[in-house]
Amino acid sequence: MRTVYLNGDYLPETEAKVSIFDRGFLMADGVYEVTSVLDGKLIDFAGHAARLERSLSELEMRSPISMDDLLEVHRELVRVNEIDEGMIYLQITRGAPGDRDFAYPPEDTEPTIVLFTQNKPGLANSPAAQKGMKVISIADERWGRRDIKTVQLLYPSMGKMMAKAAGCDDAWMVEDGAVTEGTSNNAYIVKGNTIITRQLSNDILHGITRAAVLRFAKEAQMKVEERPFTIAEAQEADEAFITSASTFVMPVVEIDGKALGDGTPGSVAARLREIYLDESRKAAV
Ligand code: PDD
């Protein structure tokens with residue numbers, strides 16, 4: 001049985017209980033992070049901690065823990081659950097004020113903090129990376145502050161189900177004619193030596209993997225264009241891929257039924273995946 005972390009305690013997963021009045025449960029009033037683990041070490045913890053602090057601050061929510069202590073909790077969970085490859089999920093909510101009210105609870109309401117591990121042996125050597133993903137496009141019907149990593153994930157969850165129903169792996173969301181991002185990842189296309197991905201704004205999550213991959217791409221003399229692109233442009237691209245903490249760099253081989261190139265994963269995505277995994281392992285903590 002997993003050991004999880006809840007409000008200062010390490011507990012067996014079946015004993016970790018949260019109030020029915022928790023704002024996360026009633027209002028989706030919470031933020032989260034997913035950090036991957038390779039070789040028993042955390043990938044880009046500093047990036048995830050910085051984005052967590054930003055998400056909290058945008059929602060005027062206080063953190064129940066310092067970022068140094070949070071690192072120790074991550075490490076302890078990796079240790080006790082013997083995680084070699086996998087992820088750590090972290091969620092902080094505005095706490096449980098004891099009733100339901102649209103107004104935020106008093107400042108002294110203790111936030112709720114939960115962390116648990118997800119053991120995923122073979123995460124880095126995923127067969128999906130060899131095969132590539134098929135995506136469909138759907139309308140982006142999420143709220144307007146997608147830069148904040150909140151637990152309001154119903155629409156992305158619906159999008160994933162729409163993709164599955166279409167025999168595909170994920171959905172790319174489209175707004176005003178251009179791709180925003182995948183249901184739980186950032187989206188990219190490749191034309192020649194140029195990587196194209198939507199620029200940062202409140203329309204997308206500022207992916208921690210995205211920041212690292214774009215940095216590595218520039219270091220490897222690839223060109224990066226941060227701008228919106230359409231599904232039609234993506235279907236004519238040489239390659240496409242996604243990034244996230246749980247998939248790293250994952251090739252996309254089909255968009256709305258149209259195969260990209262010869263329908264197999266492209267070389268730029270494969271190279272970026274390799275660089276990303278190598279560099280991230282080196283810098284893991
Ligand atoms: N999702 N865009 C969205 C909407 C996401 O939910 C995620 C991450 C990303 C990629 O961000 P990062 O590179 O920091 O993981 C982009 C996580 C993995 C999840 O919900 O499980």
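Start by selecting Arg75 and Glu72, whose side chains form a salt bridge with the closest N and O atoms 3.2 Å apart. Keep in mind as you go that this is a predicted model. Both residues lie in helix α3 (residues 67-80), and they are three residues apart, about one turn of the helix. Now switch on the surface. Arg75 is partly exposed at 34% relative accessibility, and Glu72 is partly exposed too, with a relative accessible area of 42%.

**More salt bridges**

How many salt bridges does a search of the whole structure find? There are 24.

Next, select Arg2 and Glu13. Their closest N and O atoms are 2.8 Å apart, and the two residues form a salt bridge. Arg2 belongs to the segment before β1 (3-6), while Glu13 sits in the loop between β2 (9-12) and α1, so this pair ties together parts that are 11 residues apart in sequence. Look at the surface here: Arg2 counts as partly exposed at 34% relative accessibility, and Glu13 counts as partly exposed at 33%.

Now go to Arg51 and Glu33. Their side chains meet in a salt bridge of 2.7 Å, N to O. Colour by secondary structure and you can place the partners: Arg51 is in helix α2 (residues 45-58) and Glu33 is in strand β3 (residues 30-38), so to speak two distant parts of the chain, 18 residues apart, that the pair links. Are these two residues buried or exposed? Arg51 is buried, and Glu33 is buried as well.

For the last stop in this section, select five residues together: Asp140, Arg142, Arg146, Glu175 and Glu181. Salt bridges link them in a network.

**Rings that pair up**Show the aromatic side chains now. The structure holds seven aromatic pairs. One of them joins Tyr5 and Tyr10, and this pair is edge-to-face, with 5.2 Å centre to centre and 65 degrees between the planes. A pair of aromatic rings is described by the distance of the centres and the angle of the planes. With the surface on, check how open each partner is. Tyr5 counts as buried at 8% relative accessibility, whereas Tyr10 is partly exposed, with a relative accessible area of 36%.

Then select Tyr32, Tyr89 and Phe116. Ring pairs link these three residues into a cluster.

**Arginines over rings**

Stay with the rings, but add some arginines to the view. Pick Arg94 and Tyr104: Arg94 lies over the face of Tyr104, 3.4 Å from the ring centre. For another example, pick Arg215 and Phe216. Here the charged end of Arg215 sits over the ring of Phe216, 5.1 Å from the centre of that ring.

**A nonpolar patch**

Which residues form a nonpolar patch on the surface? Select Ile20, Phe21, Phe25 and Leu26 to see it. Together they have about 400 Å² of accessible area. Zoom in on Phe25, which lies in helix α1 (residues 23-27). With a relative accessible area of 62%, Phe25 is exposed.

**A loop and its contacts**

Move on to Thr230. Where does this residue lie? Thr230 is in the loop between β12 (223-226) and α7 (231-235). It is partly exposed, with a relative accessible area of 34%. Show its contacts: leaving aside residues up to four places away in sequence, Thr230 touches Gly177, Ala178 and Val179. You can also try the distance tool here. The C-alpha atoms of Thr230 and Ala187 are separated by 11 Å, and these two residues are 43 residues apart along the chain.

**Two positive phi angles**

Finish with the backbone. Select Phe248, which is not a glycine and yet has a positive phi of about 60 degrees. Phe248 lies in strand β14 (residues 248-255), and with a relative accessible area of 0% this residue is buried.

The last residue to select is Asp256. Its phi is near 50 degrees, again a positive value in a residue other than glycine. Asp256 is found in the loop between β14 and β15 (258-259). Is Asp256 buried or partly exposed? Asp256 is partly exposed, with a relative accessible area of 35%.

Key
Residues numbered from 1 in each chain as written. Predicted model: local features only at pLDDT ≥ 70, side-chain atom pairs only at ≥ 80, totals over all residues. Heavy atoms only, no water. Phe/Tyr/Trp six-rings, centres within 6.5 Å; stacked < 30°, edge-to-face > 60°. Buried < 20%, exposed > 50% of the residue type's maximum accessible area, 1.4 Å probe, protein only. Lys NZ or Arg CZ within 6 Å of the ring centre and 35° of its normal. Patch = residues over 30% accessible without salt bridge, like charges linked within 9 Å, V, L, I, M, F, W, Y side chains within 5 Å. Areas by Shrake-Rupley, 256 points an atom, 1.4 Å probe, with all protein chains shown as cover. Salt bridge = Lys/Arg side-chain N within 4 Å of Asp/Glu carboxyl O. Helix = DSSP H or I, 4+ residues; strand = E, 2+ residues; numbered from the N terminus. Contact = heavy atoms within 4.5 Å.
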